[in-house]
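Colleague: I'm new to this one and would like a close look at a single part: the salt bridges and the strands that carry them. Could you walk me through that?

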Amino acid sequence: EIDQEYPGTGFLPGKAFSSRKFIYTHVTPSAVNKIKQLLKDKPEHVGVKVGVRTRGCNGLSYTLEYTKTKGDSDEEVIQDGVRVFIEKKAQLTLLGTEMDFVEDKLSSEFVFNNPNIKGTCGCGESFNI
């Protein structure tokens with residue numbers, strides 16, 4: 001069977017996991033490079049932590065912050081030497097999500113391509129599941 005619902009995760013709806021470890025978030029090469037660049041001047045930080053908070057007109061928004069340690073209930077994604085920690089509250093929300101860094105002439109930002117989202121607000125700052 002192919003993991004069509006959550007590509008690249010090995011997650012198939014209705015299937016039991018043989019291991020507790022599976023991919024919550026895929027970090028693109030662009031995001032890996034940006035995180036490395038940001039952490040270069042912050043040797044006391046070991047990675048970045050991704051979470052979700054209740055806010056905005058649609059319910060939830062992403063948070064991203066530097067972190068010095070892995071929290072007890074954080075899941076860790078290591079990709080090309082970059083450590084991304086997923087807060088417990090965000091783990092199911094971020095299942096199968098791709099974290100990317102996008103730059104154009106007017107902006108540069110981390111973008112979360114999340115297959116679980118059911119709706120977003122007009123400005124794109126919040127979402128619901």
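Modeller: Along the sequence, the elements of the protein chain come in the order β-α-β-β-β-β-β-β-β-β, which makes one helix and nine strands. Keep in mind that this is a predicted model. The average pLDDT of the protein chain is 76, and 67% of the residues score at least 70. Confidence peaks in helix α1 (residues 29–39), at a mean of 94, and is lowest in strand β9 (residues 127–128), at 46. Residues 1–22 have a pLDDT below 50, and beyond near neighbours in sequence that stretch has 25 contacts in the model. Where pLDDT is low, the predicted coordinates shouldn't be read in detail.

A few totals before we zoom in. Of the 129 residues in the protein chain, 41% are buried. The accessible surface of the protein chain comes to about 8000 Å², with 49% of it belonging to carbon and sulfur atoms. Now take the contacts in the protein chain with a separation of 6 or more: 50% of them are between residues 24 or more positions apart.

Now to your part. The model has three salt bridges. Let's start with K49 and D74, whose closest N and O atoms are 2.9 Å apart. K49 sits in strand β2 (residues 47–54), while D74 is in the loop between β3 (60–67) and β4 (75–79), so this salt bridge ties together parts that are 25 residues apart in sequence. Are the two partners buried or exposed? K49 has a relative accessibility of 13%, so K49 counts as buried. D74 is buried as well, at 7%.

The next salt bridge joins E87 and R53, again with 2.9 Å between the closest N and O atoms. This pair also links distant parts of the chain: E87 is in the loop between β5 (82–86) and β6 (97–103), R53 is in strand β2, and 34 residues separate them. Here the partners fall into separate classes. E87 has a relative accessible area of 12%, so E87 is buried. R53, at 29%, counts as partly exposed, because the cut-off for buried is under 20%.

That leaves E76 and R83, where the closest N and O atoms are 2.5 Å apart. E76 is partly exposed, with a relative accessible area of 24%, and R83 is partly exposed at 28%. E76 lies in strand β4. Leaving aside residues up to four places away in sequence, E76 touches K70, R83, V84 and F85. You can also relate E76 back to the salt bridge we started with: E76 and K49 are 27 residues apart in sequence, and their C-alpha atoms are 9.1 Å apart in space.

Strand β4 is worth following from end to end. In a regular strand the side chains alternate between the two faces of the sheet. In β4, E75, V77 and Q79 point to one face and are buried, whereas E76 and I78 point to the other face and are not. That puts E76, the salt-bridge partner of R83, on the face of β4 whose side chains are not buried.

What does β4 pair with? Its partner is β5, in the antiparallel sense and over five bridges. Across this pairing, E75 stands opposite I86 of β5. The two strands form a hairpin, with two residues between them. One residue to look at in the turn is D80, in the loop between β4 and β5. Its phi is near 50°, a positive value in a residue other than glycine. The relative accessibility of D80 is 52%, so D80 counts as exposed.

Finally, follow I86 in the other direction. Its backbone oxygen lies 3.3 Å from a polar atom of the side chain of Q91. Q91 is found in the loop between β5 and β6, which is also where E87 sits. Q91 is buried, with a relative accessible area of 9%.

To trace all this on the display, begin at β2 with K49 and R53. From K49 go across to D74, and from R53 to E87. Then step onto β4 at E76 and find R83, and finish at the β4–β5 hairpin with D80 in the turn.

Note on methods. Residues are numbered from 1 along each chain as its sequence is written. This is a predicted model: local features need pLDDT of at least 70, side-chain atom pairs count only at pLDDT 80 or more; totals for chains, interfaces and linings use all residues. Side-chain values use heavy atoms; hydrogens and water are left out. A salt bridge is a side-chain nitrogen of Lys or Arg within 4 Å of a carboxyl oxygen of Asp or Glu. Helices (H or I, at least four residues) and strands (E, at least two) are DSSP runs, numbered from the N terminus. Buried means under 20% relative accessible area, exposed over 50%, partly exposed in between (1.4 Å probe, protein chains only). pLDDT is the predictor's confidence in each residue, from 0 to 100. Contact means heavy atoms within 4.5 Å. Two strands pair if DSSP finds at least two bridges between them. A polar contact is a pair of N or O atoms within 3.5 Å; within protein, one must be able to donate a hydrogen and the other to accept it, and residues adjacent in sequence count only if both atoms are side-chain atoms. Accessible areas come from the Shrake-Rupley method with a 1.4 Å probe; for residues, only the protein chains shown count as cover.
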